[in-house]
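This report concerns the domain organisation, the ligand shell and one strand of the protein shown below.

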Amino acid sequence: MPREPRSANQLDPAEEAALLETIDRWLQNDVAPHALELEHADAYPETMVEQMKKLGLFGATIPQRYGGLGLPILTYTRIVSKVCEVWMSLSGIFNSHLIVAAMIERDGTEQQKERFLPRMASGEMRAALALTEPDAGTDLQGIRMRAVRDGGEYVIHGTKTWISNGIHGHCAALLVRTDPEAQPPRRGMSMFIAEKGEGFVVSRKLEKLGYKGIDSAELSFDGYRVPAENLIGGVEGRGFHNAVGGLELGRINVASRSVGVARAALMQALQYAQQRRTFGKPICEHQAIQLKLAEMATRVEAAQALVERAAEAYDAGRRCDMEAGMAKYFASEAAMENSAESLRIHGAYGYSKEFPVERLYRDAPLLCIGEGTNEMQRIIISRQLVERNPA
Ligand SMILES: Cc1cc2nc3c(=O)[nH]c(=O)nc-3n(C[C@H](O)[C@H](O)[C@H](O)COP(=O)(O)OP(=O)(O)OC[C@H]3O[C@@H](n4cnc5c(N)ncnc54)[C@H](O)[C@@H]3O)c2cc1C
């Protein structure tokens, strides 16, 4: 996707360090002591959301002229990793929100930017990204949700599912069909900002293996009316393009989350392996454990390097679907492997609900599914390899 280079594509290192330190302090003081309890209860972290508003996280990547922090994506990835080292679910609350904001910033009309971005930056209006339907996830061109023009409005019918922030968010970017006859179908797809109101129904809260605390919902629309001025960019037929552009940032975000989860798994294993003793010595002195720790640490470093490469390309306005795909694929697999290895290193305690390792083990699989499955990432990477290296 061609993009303008981001105006702030580098932050002064001292400024970045101060910002990351503030985030760290919040995570250690206000998140870490409560994360396990809230996660086990699958309770929405209301207080933390208010704290996130004050920290400016809902406007992290929104330009300053619309009230956001205007951070480069590289800095944003470091924030996301830090948050996920402590509790991955929190990053989900601002991730799809910021994907929607980036979509509006890139593809929206000036009037839409003025209307939505300042409220989004403050966290007063929090957005969900609603692409997936019961019969269409990877194959987005298979969606059925329909929007029909009626005067100055569109009338929407259909169902979206697995929508993060679907319950506690205030609006959703809805991918719909405006021309069901279009071929290929993507040419007949459009994206609307749908604010909650009559006809916009949260029909079900979905129960999950992990990633608890954040709401995942099924949303039903039956005659919901959205003003035509909420059509992103004001022109029909661009919805698929809007979605694909948004997913580039989404994949970098998932990759950064994965680095956080992979690193947390490593650090917990490292601590535990120095304390737990068997056969007269700490288990970190047994070669089998040493091999695991070395592999885990190498995965974290490699995943981090791929994330930084993708973020730098994004900030420079370069096409980065291959870089984002590689980072997402490698880092999420690293999170899966590290959480499983950390669990093994903890022995029975890894299976206990008193240690956070079991949570990392339940959270990690989502990273291989969300923002495009890892099967699809490899297909995207391979297609790009061929396109960039013609025979
Ligand atoms: C906790 C959670 C939160 C989510 N949040 C959101 C959200 O906020 N908004 C949203 O819109 N969606 C969200 N999703 C949905 C997610 O994006 C989809 O689950 C994902 O895109 C995969 O779609 P699917 O589940 O329909 O799987 P399917 O598309 O049915 O795929 C099933 C399997 O087939 C493979 N596959 C499919 N097509 C191909 C192909 N062409 N080649 C090779 N393999 C293929 C897939 O890789 C997968 O292994 C969320 C999902 C979860 C679990």
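The following paragraphs treat the domains, the ligand surroundings and strand 4 in turn.

The structure is a predicted model. Its domain assignment divides the protein into domain 1 (13–124), domain 2 (128–237) and domain 3 (241–388). Taken over C-alpha atoms, the centres of domain 1 and domain 2 are 23 Å apart. The contact between these two domains involves 21 residues from domain 1 and 15 residues from domain 2. On the side of domain 1 that touches domain 2, two or more residues come from each of helix 1 (13–41), helix 4 (88–107) and helix 5 (110–122). Of these elements, helix 4 gives the most to that side, namely eleven residues. By class, the side of domain 1 that touches domain 2 comprises eleven nonpolar, seven polar and three charged residues.

The ligand is surrounded by 22 residues, and the closest are Leu 131, Gly 137, Thr 138, Thr 373 and Glu 375. At least three residues of this shell are drawn from each of domain 2 (128–237) and domain 3 (241–388). At the level of secondary structure, strand 1 (127–130), strand 3 (153–164), helix 9 (357–369) and helix 10 (374–388) each contribute at least two residues to the shell. The class composition of the ligand shell is eleven nonpolar, eight polar and three charged residues.

The class compositions of the two residue sets are tabulated here.

| Residue set | Nonpolar | Polar | Charged |
|---|---|---|---|
| Shell around the ligand | eleven residues | eight residues | three residues |
| Side of domain 1 that touches domain 2 | eleven residues | seven residues | three residues |

Strand 1, which supplies at least two residues of the ligand shell, is also joined to strand 4 by four bridges, and the two strands run parallel. In this pairing, Ala 127 stands opposite Cys 171 in strand 4. Strand 4 also pairs with strand 5 (residues 189–195), here in the antiparallel sense and over seven bridges. Within that pairing, Ala 172 stands opposite Ala 194 in strand 5.

How many residues of strand 4 (residues 171–177) are buried? Seven of its seven residues are buried, and the strand is thus described as mostly covered. Cys 171, Ala 173, Leu 175 and Arg 177 point one way from strand 4, whereas Ala 172, Leu 174 and Val 176 point the other way. Residues on both sides are buried, Arg 177 among them.

Key
Residues numbered from 1 in each chain as written. Predicted model: local features only at pLDDT ≥ 70, side-chain atom pairs only at ≥ 80, totals over all residues. Near = placed C-beta within 6 Å. Nonpolar A, V, L, I, M, F, W, Y, C, P; charged D, E, K, R; others polar. Domains from an automatic or database assignment. Contact = placed C-beta atoms within 7 Å. Buried ≥ 20, exposed ≤ 12 C-beta atoms within 10 Å, placed from the backbone. Pairing = 2+ DSSP bridges.
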